[in-house]
Amino acid sequence: MPKCTFLIGVPGSGKSTWFDKNQSGTLISSDDIIESIACEYEMTYNQCFQDLIKFAEKAMWRNLELCAEDQEDVVIDRTNLTAKSRKRFMKFLPDYEFEAVVFPTPEETEWRRRLDSRPGKTIPAHVLESMKKSFELPSRAEGFSKITYIHP
């Protein structure tokens, strides 16, 4: 049975860095699509985000569809903060086994350092706070066969 791994955590919690070190499936990420196009046009993520987000979302779902057709293991690299946001992917992949890798929000100073280390990619403070408040831990009842917590 193919596996879908959800990387779960706020921006700057280490999800993409973890994937880079533990590549174990096809990466599914709208952010990567935006960053790739921005780089190609020598622009920043922020400069391209508004114009590309809808395209990137469609491309991400198409990539996921192709992976599902081939029964490839996938890694969903998004915040995936709520059960509702994760459920959409689970419904799309009914024949998959689901695992969660949870990244706790770093201590405030470290979190700011990580966020500030991404030039051209900023998220407003009120959006970050809203994300922190919406964070729902995954559970087996939600459909995960394995839940791993990454400690900083």
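Colleague: Which residue of E3 is the bridge partner of Ile 28?

Modeller: In E3, Ile 76 is the bridge partner of Ile 28, and Ile 76 is also the partner that E3 offers to Phe 6. Please keep in mind that this is a predicted model, in which local features need pLDDT of at least 70 and side-chain atom pairs count only at pLDDT 80 or more, while totals for chains, interfaces and linings use all residues. Residues are numbered from 1 along each chain as its sequence is written, and side-chain values use heavy atoms, with hydrogens and water left out.

Colleague: How do you know that E2 and E3 belong together in the sheet?

Modeller: Three bridges join E2 to E3, and the two run parallel. Strands pair if DSSP finds at least two bridges between them, so E2 and E3 count as paired. Strands here are DSSP runs of E with at least two residues, helices are runs of H or I with at least four, and both are numbered from the N terminus. By the rule for pairing, E1 and E3 are partners too, because four parallel bridges join them. Strand E1, residues 3-8, is also joined to strand E4, residues 97-102, by six bridges, again in parallel, and in E4 the partner of Cys 4 is Phe 98.

Colleague: What makes E2 and E5 edge strands?

Modeller: The five strands form an open, parallel sheet in the order E2-E3-E1-E4-E5. Strand E2 (26-28) and strand E5 (144-149) each have a single partner strand, so one side of each is left without a neighbour in the sheet. From one strand to the next the twist averages 20°.

Colleague: How do the helices H3 and H4 lie against these strands?

Modeller: Helix H3, residues 45-69, lies across E2 and strand E3 (74-77) and runs at about 150° to E2, whereas helix H4, residues 83-92, lies across E1, E3, E4 and E5 and runs at about 165° to E1. Such angles run from 0 to 180 degrees between N-to-C directions, with axes fitted to C-alpha atoms, for helices over the stretch in contact.

Colleague: Why is Met 60 called buried, and why is Arg 62 called partly exposed?

Modeller: Buried means under 20% relative accessible area, exposed means over 50%, and partly exposed is in between (1.4 Å probe, protein chains only). Met 60, in helix H3, has 1% relative accessibility and therefore counts as buried. Arg 62 is placed in helix H3 as well, but its relative accessible area is 41%, so Arg 62 is partly exposed.

Colleague: What does Met 60 touch?

Modeller: Not counting residues up to four places away in sequence, Met 60 is in contact (heavy atoms within 4.5 Å) with Ile 28, Ser 29, Ser 30, Ile 33, Arg 78 and Phe 89. Between the C-alpha atoms of Met 60 and Asp 31, which are 29 residues apart along the chain, the separation is 9.2 Å.

Colleague: What makes the largest nonpolar core a core?

Modeller: A nonpolar core is a set of buried Ala, Val, Leu, Ile, Met, Phe, Trp, Tyr and Cys residues joined through side-chain atoms within 4.5 Å. The largest one has 27 residues, and Cys 4, Phe 6, Leu 64, Val 74, Ile 76, Leu 93 and Phe 98 have the most contacts inside it. The elements giving two or more residues to this core are E1, helix H2 (30-40), H3, E3, H4 and E4, and H3 gives the most, with eleven residues. Apart from this core lies another, of six residues, among them Leu 7, Trp 18, Val 75 and Phe 103.

Colleague: Which way do the side chains of E3 point?

Modeller: Val 74 and Ile 76 point one way from E3, Val 75 and Asp 77 point the other way, and all are buried.

Colleague: What makes the phi values of Glu 42 and Asn 80 worth a look?

Modeller: Most residues other than glycine have a negative phi. Glu 42, however, has a positive phi near 55°, and Asn 80, likewise not a glycine, has a positive phi of about 50°. Glu 42 is in the loop between H2 and H3 and counts as exposed because its relative accessibility is 77%, while Asn 80 is in the loop between E3 and H4 and, at 3% relative accessibility, counts as buried.
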